[in-house]
Amino acid sequence: MNTRVYLNEWFINAGIIGFLRILKHNEQDFVIIKDNYIEFDTNNIKDFHKYYFKYFFDKYNIAQKMENRIEKSFNKIESLLQNKEQKDTLKQEKKSIKEILKKQLDKIKKIDEETYEEMFEEYSRIDKVSTSEELKQIKDNLIHNFKKEYINKKITLNLFKNILSKNCFGQQSFLNVVKNSLPYEEQENIMYKDYISNIIEMETLQEIVAGKYSIEEIKEKLEQKISDESIYKDIKDIYTKINKNFVRKNKTINEISNFINNEALNTCSMCGKEHCTTSAYTEGNFIPLAVSSENMKNFFWEQNINIQICDICKLILFCIPAGVTNIIKTAKENGKYIEKEILSFVNYDTSVENLLKTNNSFGIESKKERTQYNPYADLILDIINQNAKVSEWQLKNIFVVEFESEYLAYSRMEYFNIKSYVAKLFTKYPEMLTNIKDYKYRIQVVDYLLKDKDIDKLVNQRLRDAISNKNNTTDSYLATKVKVTLQVLKKGEVLMNDEVKSANKQIGLMYAIGQEIKETLKRQNNDNKLDGYIYKMLNCIKTNNRNEFTDVAIRILWSMGKDVPQILVKNNENVEWQELGHSFIAGLSSNIINNKGDKDNG
Ligand SMILES: [Zn+2]
């Protein structure tokens, strides 16, 4: 049975991304990805519970993580053993790895006492270890025990169950702690029963309606299904009713079909699909939903507890944890700053493919940079880069959902609220940003744009730094162009292409004049004398002292035998004197010779 899942609200989209990631991790490629939906044959998800477990098992694999951690720590200890002067560091390292080991050993104690004893003995040797051979023995023994399959399966499963349960689904299905004592495979089967079997059985119901079976065959099928332990109870209820009220009472196939279509099957309140098997929506379908979305208010209208959601939607929601990205955020709690792990998802109106790409690279970037930069500035840049045709409207409707939903503690949506003119700059002149070479600086510029902060301040500081570190100032010139372009776009509702060009031309002119002066002085080995003037001009811009700035600039121009450009002394329509000043300074402090700026293009 072919089924489609359409992009919808953010939580469905996050689920679709998770569903696709789980399949990709298991090298399954049966899903057809279209612009605004995915499509697959439900028979192909017969083993989805196994894929699901494998995805999270591999993501949280404790033996793997402990091996890496022990390797790293023991290497450090080994090198510290040789070094008598670093006794304290050695002590500290031993202490920290022991703390990590202890946590896991406590878990293993409950699973296998014997293995625990063995590991505890090795653990106790760490304090007195004195040779590399001893160290290696301890390491090998510990890792060997961590890797025992029944141990690793149990502790890893318990870990990811705990995470899924507390962030997203509470005590649903196999996540219930009561099931912790069951073997791994049996817990997989519980997932099959609760999340997959109903989707698979839907096909049988459809076949009955389509008249594929005779009454005799239906009877046989029902008897077998009713005793099948792996089928979800709601579906079994339907089978039991068909059997009791129709088959045994010698009703016709038509009457059975009527019952299936009009009574057994429902319309999904979430995706709007008709004639599907549904179950009553509960908080356990996805905890953060209850508080996360304004749009969901209708959904919870008048505490209507009998909201039906279809089994496909239920499964898709169950995939959300694989669709979101874990990011670290610094948050203030009880007056103290703490690092918190937040789950987040980027949503905007685009194709499934782009949504996947964006969220994949968002995951990579936020891992790489942690809290160093604003991950959202990076995200916007990434979207502009990968999708040149992104529209102003799409950009303005991007948002990131963040949740740390342990008992609904924290859950919110961060809309970027990108202003129209900023969105226009991103979509019409993306190269202005991407041309800025220094990645960190580029991110800062985007961050300033998103927060509607004055880029002049950023440029001023950067040029100031360039005096001492002799860095290239081309990027500052480009940032100044971003600033004037933004100013022009701020004014106009219609296309401002000519105005943007002419404003950028003026900026380019000042940059070029600055560069020429710098070149001449450099040839005379005299360019160091500029530093004092540059510093003075930067201060004038910062303190908004136009008169003094113009005095200094004119002095430099005259001393070099250059005319004073009109734009420097009169008021210009679209360009402020501060930006002309910054581009002049960027030229004066540039260290790239023979790069005349770009006088002509915008
Ligand atoms: Zn649905």
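H275 is partly exposed, with 17 other C-beta atoms within 10 Å. This residue belongs to a predicted model, and H275 is found there in the loop between α11 (253–264) and β4 (278–280). What is the phi of H275? It is near 50 degrees, a positive value in a residue other than glycine. S173 tells a similar kind of story: it is not a glycine, yet its phi is positive, at about 50 degrees. The stretch that holds S173 is the loop between α7 (149–169) and α8 (184–209). Around S173 there are 19 C-beta neighbours inside 10 Å, so it counts as partly exposed; the cut-off for a buried residue is 20 or more.

A third loop residue is worth a stop. E573 sits in the loop between α26 (566–569) and α27 (577–588). Is E573 buried or exposed? With 9 other C-beta atoms within 10 Å, E573 is exposed, because 12 or fewer such atoms put a residue in that class. Along the chain, E573 and I436 are 137 residues apart, and from C-alpha to C-alpha they lie 26 Å apart in space.

Turning to the start of the chain, an open sheet is built from 3 strands in the order β1-β3-β2, with antiparallel pairing. The edges of this sheet are taken by β1 and β2, each with a single partner strand, so one side of each has no neighbour in the sheet. As a general point, strands of a sheet pair through backbone hydrogen bonds, either parallel or antiparallel. How many bridges join β1 to β3? There are 5 between strand β1 (residues 2–6) and strand β3 (residues 37–41), and the two run antiparallel. Within this pairing, R4 stands opposite E39 in β3.

On the other side of the pairing scheme, strand β2 (residues 32–33) is joined to β3 by 2 bridges, again in an antiparallel arrangement. Here I33 faces I38, standing opposite it in β3. The link from β2 to β3 is a hairpin, with 3 residues between the strands.

Between β1 and β2 in the numbering comes helix α1 (residues 10–25). It has 16 residues and reaches 22 Å from its first C-alpha to its last, close to the 22 Å expected at 1.5 Å a residue. This helix is mostly covered, since 13 of its 16 residues are buried. Just after α1, E27 takes a positive phi of about 55 degrees.

Helix α20 (residues 439–450) can be described along the same lines. Its 12 residues span 16 Å from the first C-alpha to the last, close to the 16 Å expected at 1.5 Å a residue. Which residues of α20 are buried? They are R442, I443, Q444, V445, V446, Y448 and L449. D452, just after α20, has a positive phi of about 60 degrees.

Next come the helix pairs. Two packed helices are described by the angle between their axes and the distance between the axes. For helix α3 (residues 62–81) and helix α4 (residues 87–109), the axes come within 10 Å and cross at roughly 160 degrees. That makes α3 roughly antiparallel to α4, as angles over 145 degrees are counted that way. The crossing in which α3 passes α4 is left-handed.

Further along the chain, helix α24 (residues 530–542) packs with helix α25 (residues 546–559) at an angle of about 155 degrees, and their axes are 8 Å apart. α24 and α25 are therefore roughly antiparallel to each other. Here too the handedness can be stated: α24 passes α25 in a left-handed crossing.

Finally, there is the overall layout. The domain assignment of the protein chain gives domain 1 (60–152) and domain 2 (454–602). How far apart are the centres of domain 1 and domain 2? Taken over C-alpha atoms, 60 Å separate them.

Conventions
Residues numbered from 1 in each chain as written. Predicted model: local features only at pLDDT ≥ 70, side-chain atom pairs only at ≥ 80, totals over all residues. Pairing = 2+ DSSP bridges. Helix = DSSP H or I, 4+ residues; strand = E, 2+ residues; numbered from the N terminus. Domains from an automatic or database assignment. Expected span 1.5 Å × (residues − 1). Axes fitted to C-alpha atoms, helices over the stretch in contact; angles between N-to-C directions. Parallel < 35°, antiparallel > 145°, perpendicular 65-115°, else oblique. Left-handed = near helix turned anticlockwise from the far one by under 90°.
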